[in-house]
Amino acid sequence: MELHLYYLDRKWTKRGDCAHNYNLVVDLDNKTYKIYVSPFYEYERSNDIEVKRKSDIIDYIEYLKENGFVDTDEIYCG
């Protein structure tokens, strides 16, 4: 099962640069997660969950690490 949390950066126009939308995809079966930042967010699926603060995603990553989840960027295949 996959969980997708996202944070939409709505203050990017005030900063005068591009948006920094944070996404966290968690694979609950394999105990892995992936975080990425994207300037675009053009889709919404009913099972995606929007968080109101970027820190909520950061805090959840810490929770995942404490419970044995691994960042897919840290997995070495080779």
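This is a short walk through the structure, one selection at a time.

**Start with the whole chain**

Keep in mind that you are looking at a predicted model. Show everything as a cartoon and you'll find 2 helices and 5 strands. Trace the chain from the N terminus and the elements come in the order β-α-β-β-β-α-β. If you colour by accessibility, buried residues make up 32% of the 78 residues. For a contact map, take the contacts with a separation of 6 or more: residues 24 or more positions apart account for 53% of these.

**Select the sheet**

Now pick out the strands. In what order do the 5 strands sit in the sheet? Reading across, it goes β4-β1-β2-β3-β5, in an open sheet with mixed pairing. At the edges are β4 (48–50) and β5 (70–71), each of which pairs on one side only. As background, strands of a sheet pair through backbone hydrogen bonds, in either the parallel or the antiparallel sense.

Go through the pairs one by one:

- Select β1 and β2: 6 bridges join them, and the pairing is antiparallel. To see one of the bridges, click H4 and then its partner in β2, V25.
- Move on to β2 and β3, also antiparallel, with 7 bridges. Here D27 is opposite T32 of β3.
- Finish with β3 and β5, which run parallel and share 2 bridges. T32 turns up again, standing opposite V70 in β5.

While β2 and β3 are on screen, zoom in on their hairpin. There are 4 residues between the strands, and K31 has a positive phi near 55°.

**Select residues 54–66**

This is helix α2, 13 residues in length. From its first C-alpha to its last it reaches 19 Å, close to the 18 Å expected at 1.5 Å a residue. Show side chains on I57, I61 and L64, the buried residues of α2. Look down the helix axis and those buried residues fall within an arc of 60°, so they line one face of α2.

What covers that buried set? The cover includes β1 (2–7), β2 (21–27) and β3 (32–38).

Step just past the end of the helix and click G68. This residue takes a positive phi of about 85°.

Bring β2 back for a look at the packing angle, picking up from the edge strands β4 and β5, each paired on one side only. Helix α2 packs on the sheet and touches β1, β2 and β3, and its direction makes about 25° with that of β2.

**Select the charged side chains**

Side chains of opposite charge can pair when their charged atoms come close. In this model you can look for 4 salt bridges; here are some of them.

Begin with R10 and E50, whose side chains meet at 3.0 Å, N to O. R10 is in the loop between β1 and α1 (12–15) while E50 is in strand β4, so this pair ties together parts that are 40 residues apart in sequence. R10 is exposed, at 56% relative accessible area, and E50 is partly exposed, at 25%.

Next, select R53 and D56. Their closest N and O atoms are 2.9 Å apart, and the two form a salt bridge. D56 is partly exposed, with a relative accessible area of 24%.

Then go back to α2 for K65 and E62, a salt bridge at 3.8 Å, N to O. Both residues belong to the helix and are 3 residues apart, about one turn. Are they buried, partly exposed or exposed? K65 is partly exposed, at 42% relative accessible area, and E62 is partly exposed too, at 38%.

**Last stop: I49**

Click I49, in strand β4. I49 is partly exposed, with a relative accessible area of 40%. Which residues does I49 touch, once neighbours within four places in sequence are set aside? They are L3, H4, L5 and Y6. For a distance to check in the viewer, pick the C-alpha atoms of I49 and Y6: they are separated by 6.3 Å, though the residues are 43 residues apart along the chain. H4 may look familiar, as the residue whose bridge partner in β2 is V25.

How values were computed
Residues are numbered from 1 along each chain as its sequence is written. This is a predicted model: local features need pLDDT of at least 70, side-chain atom pairs count only at pLDDT 80 or more; totals for chains, interfaces and linings use all residues. Side-chain values use heavy atoms; hydrogens and water are left out. The expected span of a helix is 1.5 Å times one less than its number of residues. Buried means under 20% relative accessible area, exposed over 50%, partly exposed in between (1.4 Å probe, protein chains only). The arc is that of the directions from the helix axis to the C-beta atoms. Contact means heavy atoms within 4.5 Å. Two strands pair if DSSP finds at least two bridges between them. Axes are lines fitted to C-alpha atoms, for helices over the stretch in contact, and angles run from 0 to 180 degrees between N-to-C directions.
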